[in-house]
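Today I opened my notebook to look at rings and cores. Come along and read over my shoulder.

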Amino acid sequence: MKKSLGRGSGLTAVLLAGTLAGSTMAVTGTASAASGAAAVAVVPAGPGRELSTASFTQMTVDDAGRRVWIAGDRVHPDGSRRGEVIGVLYGGAGPAVASADMAAPLSGVAVDPTGSKVYAGQSDHIANYSHENGSLHPLDPIPAPADDCGRELVHTGGRLFFTSRAPASPEGCDDPVGIGSVGVAATADGDGAGEVMYSYTRVHLEGGPGGVLVTAPERWSPTDDPDLGIYRVRDGADGNVLEFLGERRFAEGGTGPGMDFRDADFSADGSVLAVADGVRGTVLLGGQDARFLDNPYAPLPEGVAPTAVAFSPDGKWFAQGGAGSGDAADLTVAFADPSVERQPLRIAFDDEEAGRRVVPRGMEFSGDGEQLFVVTSDQEGTKFWLHTIQTREALAPSSFVDVAHGPAIAGKPIRVTGRLDLDGLAPTETPQVTVQRMAGPDVTDLPPVPVAEDGTFVLEDILPDRAGDVFYVLGYAGDEVHYRAEHWLHVTTAEASGTVTRGRR
C-alpha cells in the first residue's frame with residue numbers, strides 16, 4: 001500500500017521503492033548479489049536508433065555541441081568498408097546527424113570541451129575536424145605512431161591523449177611481445193607531442209574532472225595482473241606531462257585473476273573511480289590514489305557480464321551496463337548518493353529493435369545528468385543501436401489522489417481538498433502544490449498551497465462571478481527524488497440563488 005510523503009514503500013509497474021540491495025565487500029571492493037533478495041521490477045527497453053556503423057569502438061558526449069559522437073566502421077552494400085564518425089544531436093542547433101567519412105579501420109573518438117573540434121583515430125594518424133552546428137570540416141591530421149589494434153582517444157586536462165599499438169607477430173594484437181604506447185598531441189600553444197608511456201598490451205584510457213587520466217592495460221592471460229594507473233595532467237613545463245597519483249592491481253597478493261577491464265568512469269567530484277571488471281563486476285577505487293573502496297551499489301543481476309559504468313556529471317546518478325540474456329536487466333540506473341534508499345531503475349535489452357546487450361564502454365551521461373546515452377548491439381556485435389534513457393524515469397512517482405471540491409456557486413468561496421502521494425521516499429523539502437485557475441480565456445496563478453505531513457492539502461478560492469466551467473490545474477514540480485505530477489480538476493459552477501421579492505396585494 002502506498003503511503004504519502006515517504007512513510008511506506010510502493011511498487012509501480014516501472015520502479016520498486018525500497019532499499020538498495022546490500023553488497024558483500026571483499027578486499028577488492030566488489031558488489032555481489034544479495035542472497036534471497038526480493039524480486040525487483042525490470043523494464044523492457046523500447047526501440048533504439050539503429051546506427052549505420054557495423055562496429056563500435058568508442059563514444060563521447062559533447063556538452064557544448066549537444067551531440068553524442070560515435071566512431072566505428074560502416075559496411076556498404078558492395079562489401080567495401082569505410083570508417084565513419086557520427087554525431088547524433090540531442091539538443092541545440094544543426095542537422096540531426098553530423099558525420100564524416102574516412103578510411104577504415106576507424107577507432108576512437110574525442111571532442112574538445114568547446115565542442116569546436118572532433119578527433120577520430122586512424123591507423124597512421126589522428127583525424128582532426130572543426131565542428132560547428134553539425135558541420136565537420138577536415139583540418140591537418142595529427143601525427144601518431146602506427147596502430148592496427150584500435151586506438152582510444154581522451155581529451156582531458158587541455159590535452160589530447162591516444163593509444164597506439166602495432167602487432168609484432170602473427171599472433172596479432174593479443175601477443176604480449178608487442179609494444180604499445182600512450183601518446184599526447186601537440187597543442188596550439190606549442191606544447192610538444194610524444195609518447196608518455198609504453199605497454200606490452202593494449203591500453204584503455206579514461207579522463208576525469210580536474211584533468212586526470214586513467215590508464216588500464218588489458219590482461220593477456222587470466223593470470224596476468226595489469227596495473228591500473230591514475231595520473232594528473234600537468235603543464236609539461238619540466239618535460240613531464242603526467243603526474244603519478246596512484247596505481248592498483250586487482251589480484252590479491254599476486255594470486256587469483258588480474259583486472260579484466262571493460263570500462264571506467266569518475267564520479268562528478270573525482271573522488272571515486274568506478275571500474276567495470278569482467279570478473280568482479282563493479283569495483284570502486286579512490287579517484288586520487290586508487291585505493292579500494294566499499295561498494296554500496298546494487299550489482300547487476302547474476303549472470304549479466306559487466307560491460308560499462310557511468311557517473312552523471314551533475315553528481316546525481318550512477319549507471320551500470322552489462323550483457324545478459326532473456327529478461328535479465330542489462331542496465332541499472334541508481335542514485336549516486338547511496339544514502340538515498342531506493343532500488344535502481346532496471347532495464348532489459350532483449351529485442352530485435354533494441355539490441356541484446358550494452359557494449360563495452362557504451363554509456364555516457366549528458367552534462368546536466370538528465371539523459372543517459374546507451375549503445376547496445378546484437379548478440380553477434382554486427383548491429384548497433386543508440387538509446388536515450390531519461391533519468392527522470394528513475395525518480396519515484398508522485399500523484400494527486402482523492403481530489404474533490406465542495407459546493408460551486410459563481411462568485412462564492414470554494415474549497416478543494418486532496419492528497420499528494422509521493423511514492424516510497426520522504427521529500428527533500430516541504431512540498432507545495434502550485435495552482436492555476438482557468439475560466440474561459442482568463443488564466444490566474446493562485447498562491448501555492450502547502451502540503452501537510454500526511455500529504456493532504458486544502459485549496460480555498462473565490463469562484464468567478466459568471467457561472468460556467470472552471471478548471472483548476474494542480475501541480476507538483478518534483479524534487480531530488482520524486483518526479484513531477486499534475487492534476488486537472490473540472491468544476492461546473494451554478495448561478496447564485498436570487499432573492500424573491502413579494503409583490504403587494
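My entries below go from the ground rules to aromatic rings and then to nonpolar cores.

**Ground rules.** I am working with a predicted model, where local features need pLDDT of at least 70, side-chain atom pairs count only at pLDDT 80 or more, and totals for chains, interfaces and linings use all residues. Residues are numbered from 1 along each chain as its sequence is written, and side-chain values use heavy atoms, leaving out hydrogens and water.

**Rings.** I looked up aromatic pairs, meaning rings of Phe, Tyr and Trp (its six-membered ring) with centres within 6.5 Å; planes under 30 degrees apart are stacked, over 60 edge-to-face, and the rest tilted. I found nine aromatic pairs. One of them joins Phe311 and Phe318, which are tilted at 35 degrees, with 4.5 Å from centre to centre. Tyr297 joins Phe311 and Phe318 in one aromatic cluster.

Are these two Phe residues buried or exposed (under 20% relative accessible area is buried, over 50% exposed, in between partly exposed; 1.4 Å probe, protein chains only)? Phe311 is buried at 7%, and Phe318 is buried at 1%.

**Cores.** I then checked nonpolar cores: sets of buried Ala, Val, Leu, Ile, Met, Phe, Trp, Tyr and Cys residues joined through side-chain atoms within 4.5 Å. The largest has 23 residues, and Leu474 is among the six that touch the most other members, as are Phe400 and Tyr472. Another core, of 22 residues, lies apart from it and includes Ala310 and Met363.
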